[in-house]
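Me: I would like to go through this model with you, one question at a time, and have the reasoning spelled out before each result.

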Amino acid sequence: MGYVAQAEGAAPVASASEILVTDALLLDAALLEAHAQGNTAELVRLYTLAAENALATGDERAADFYLTHAFIFALEKGGPEAGVLNIRLAERGRMKLLDF
């Protein structure tokens, strides 16, 4: 288990990769809860956040997966995020640019 430098006598501080794993687990739980509640606005927000996290770790395929889910839920709720997500997916070569 890796740790970053710490002051003498201080509690260990988790490394960045360990923090990302914890955040991913919390994000997964939040996604499951939003699905259970049928909260489309929260699903758009959380899937977009998951895509950002995936990009931060270099996981392009996961980012595309999450962006696609965010886009579908944005379309479902008729939210303005759909246009922005469409642009992002088109720029990544994952779909055609649509007119909204």
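The questions below move from the overall fold to the core and then to the charged pairs.

Me: This being a predicted model, which pattern does the protein chain follow when read along the sequence?

Reply: The model is indeed a predicted one, and its protein chain contains 4 helices and 0 strands. Read from one end of the sequence to the other, the pattern is therefore written with helix symbols, given how helices and strands are assigned as DSSP runs. That pattern is α-α-α-α.

Me: How much of the surface exposed by the protein chain do carbon and sulfur atoms supply?

Reply: Of the 100 residues in the protein chain, 28% are buried. The area that the protein chain exposes comes to about 6500 Å², and the share supplied by carbon and sulfur atoms is 59%.

Me: Which helix gives the largest share of the largest nonpolar core?

Reply: In soluble globular proteins, nonpolar side chains tend to be buried together. Here the largest nonpolar core has 21 residues, and those with the most contacts inside it are L31, L43, Y47, Y66 and L85. Each of α1 (16–37), α2, α3 and α4 supplies at least two residues of this core. The largest share, 8 residues, comes from α3.

Me: Which residues does Y66 touch, once residues up to four places away in sequence are not counted?

Reply: Y66 is among the residues with the most contacts inside the largest nonpolar core, a group that also includes Y47. When residues up to four places away in sequence are set aside, the residues that Y66 touches are Y47, A50, A51 and A54.

Me: Is T40 buried or exposed?

Reply: T40 lies in helix α2, and, leaving aside neighbours within four places in sequence, T40 is in contact with F73, E76 and K77. The relative accessible area of T40 is 17%, and the cut-off for a buried residue is under 20%. T40 is therefore classed as buried.

Me: About how far apart along helix α2 are R45 and E42?

Reply: R45 and E42 form a salt bridge in which the closest N and O atoms are 2.7 Å apart. R45 is partly exposed at a relative accessible area of 45%, and E42 is likewise described as partly exposed, at 25%. Because the two residues are 3 residues apart in helix α2 (residues 40–56), the separation is about one helical turn.

Me: How many residues apart are D64 and R92?

Reply: The side chains of D64 and R92 meet in a salt bridge, with an N to O distance of 2.5 Å. This pair links distant parts of the chain, D64 being in helix α3 (residues 60–77) and R92 in the segment after α4 (81–91), and the two are apart by 28 residues.

Me: What is the relative accessibility of D64, and which residues are linked with D64 in a network of salt bridges?

Reply: R92 is partly exposed, with a relative accessible area of 27%, whereas D64 counts as buried at a relative accessibility of 7%. The network of salt bridges links D64 with E60, R92 and R94.

Me: How many salt bridges does the structure hold?

Reply: One further pair is K77 and E81, whose side chains meet in a salt bridge at 3.4 Å, N to O. K77 is partly exposed with a relative accessible area of 34%, and E81 counts as partly exposed at 28%. The number of salt bridges in the structure is 6.

How values were computed
Residues are numbered from 1 along each chain as its sequence is written. This is a predicted model: local features need pLDDT of at least 70, side-chain atom pairs count only at pLDDT 80 or more; totals for chains, interfaces and linings use all residues. Side-chain values use heavy atoms; hydrogens and water are left out. A salt bridge is a side-chain nitrogen of Lys or Arg within 4 Å of a carboxyl oxygen of Asp or Glu. Buried means under 20% relative accessible area, exposed over 50%, partly exposed in between (1.4 Å probe, protein chains only). Accessible areas come from the Shrake-Rupley method with a 1.4 Å probe; for residues, only the protein chains shown count as cover. Contact means heavy atoms within 4.5 Å. A nonpolar core is a set of buried Ala, Val, Leu, Ile, Met, Phe, Trp, Tyr and Cys residues joined through side-chain atoms within 4.5 Å.
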